[in-house]
Amino acid sequence: KDKFKPTVVKEAIQEVLSEHLKDKNYDPEQAPAWCKVITEAVKERVKQIGMERYKLAVNVVIGEQRGQGIKVGCRCFWDSDTDNYAQHLFVNDTMFCLATAFGVFFY
């Protein structure tokens, strides 16, 4: 019941990214502030799902869309039975945004 649900969290991330970025064009001056706002919004939305025993870490990357590729990696030391993550990539004509939420079970 309390397990981290990647599919539900991915849907929540997708909703947050659409709400915050759907009508925006890339602006290098505003991107850092957008990252902070989106990070907090994702954390709050995931907390509403009701996984109280999980510590959340959210990472948001926004960049200009010019047809380039991007690779993002991370390494984590966690319990593969309980810990998990979800991510969603938002792309429009001028920017991309990758949001990742990590759920680490708090023993």
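## Helices on a three-stranded sheet

Helix α1 (residues 6-21) lies across β2 and β3, and its direction runs at about 30° to β2. Keep in mind that this is a predicted model. The other helix to look at here is α2 (residues 31-49), which packs on the sheet and touches β1 and β3. The direction of α2 makes about 150° with that of β1.

Now for the sheet itself. It's an open one with three strands in the order β1-β3-β2, and the pairing is antiparallel. β1 and β2 stand at the edges with a single partner strand each, so one side of each has no neighbour in the sheet. Neighbouring strands are turned by 10° against each other on average, if you ignore direction. How many bridges join β1 and β3? The antiparallel pairing of β1 with β3 (residues 95-105) runs over eleven bridges. If you want a specific spot to look at, take Val 60, whose bridge partner in β3 is Ala 99.

Next, the loop between β1 (54-64) and β2 (84-91), which is where you'll find Thr 82. Is Thr 82 buried or exposed? Its relative accessibility is 18%, so Thr 82 counts as buried, the cut-off for that being under 20%. Leaving out residues up to four places away in sequence, Thr 82 touches Phe 4, Tyr 54, Phe 105 and Tyr 107. Two of these contacts can be placed on the strands: Tyr 54 falls in β1 (54-64), and Phe 105 falls in β3 (residues 95-105).

On to the cysteines. The disulfide count comes to zero. Why is there no bond between Cys 35 and Cys 97? The closest cysteine sulfur to that of Cys 35 is the one in Cys 97, and at 6.2 Å it is too far away for a bond; a disulfide would need the two sulfur atoms within 2.5 Å. Both residues are tucked away from the surface by the numbers: Cys 35 is buried with a relative accessible area of 16%, and Cys 97 is buried at 0%.

That leaves the charged side chains. In general, side chains of opposite charge can pair when their charged atoms come close. The count here is five salt bridges, and the table lists some of them.

| Salt bridge | N to O distance |
|---|---|
| Arg 45 and Glu 15 | 2.9 Å |
| Lys 47 and Glu 44 | 3.9 Å |
| Glu 64 and Arg 66 | 3.3 Å |

The Arg 45 and Glu 15 pair links distant parts of the chain, with Arg 45 in helix α2, Glu 15 in helix α1, and their positions 30 residues apart. Glu 15 is partly exposed, with a relative accessible area of 42%. Which residues do shared salt-bridge partners join into one network? Glu 15, Glu 19 and Arg 45 make up that network.

Lys 47 and Glu 44, on the other hand, both lie in helix α2, three residues apart, or about one turn of the helix. Lys 47 is exposed, with a relative accessible area of 52%, while Glu 44 counts as partly exposed at 42%.

As for the remaining pair in the table, Glu 64 is partly exposed at 32% relative accessibility, whereas Arg 66 counts as exposed at 67%.

Definitions and conventions
Residues are numbered from 1 along each chain as its sequence is written. This is a predicted model: local features need pLDDT of at least 70, side-chain atom pairs count only at pLDDT 80 or more; totals for chains, interfaces and linings use all residues. Side-chain values use heavy atoms; hydrogens and water are left out. Helices (H or I, at least four residues) and strands (E, at least two) are DSSP runs, numbered from the N terminus. Buried means under 20% relative accessible area, exposed over 50%, partly exposed in between (1.4 Å probe, protein chains only). Contact means heavy atoms within 4.5 Å. Two strands pair if DSSP finds at least two bridges between them. Axes are lines fitted to C-alpha atoms, for helices over the stretch in contact, and angles run from 0 to 180 degrees between N-to-C directions. A salt bridge is a side-chain nitrogen of Lys or Arg within 4 Å of a carboxyl oxygen of Asp or Glu.
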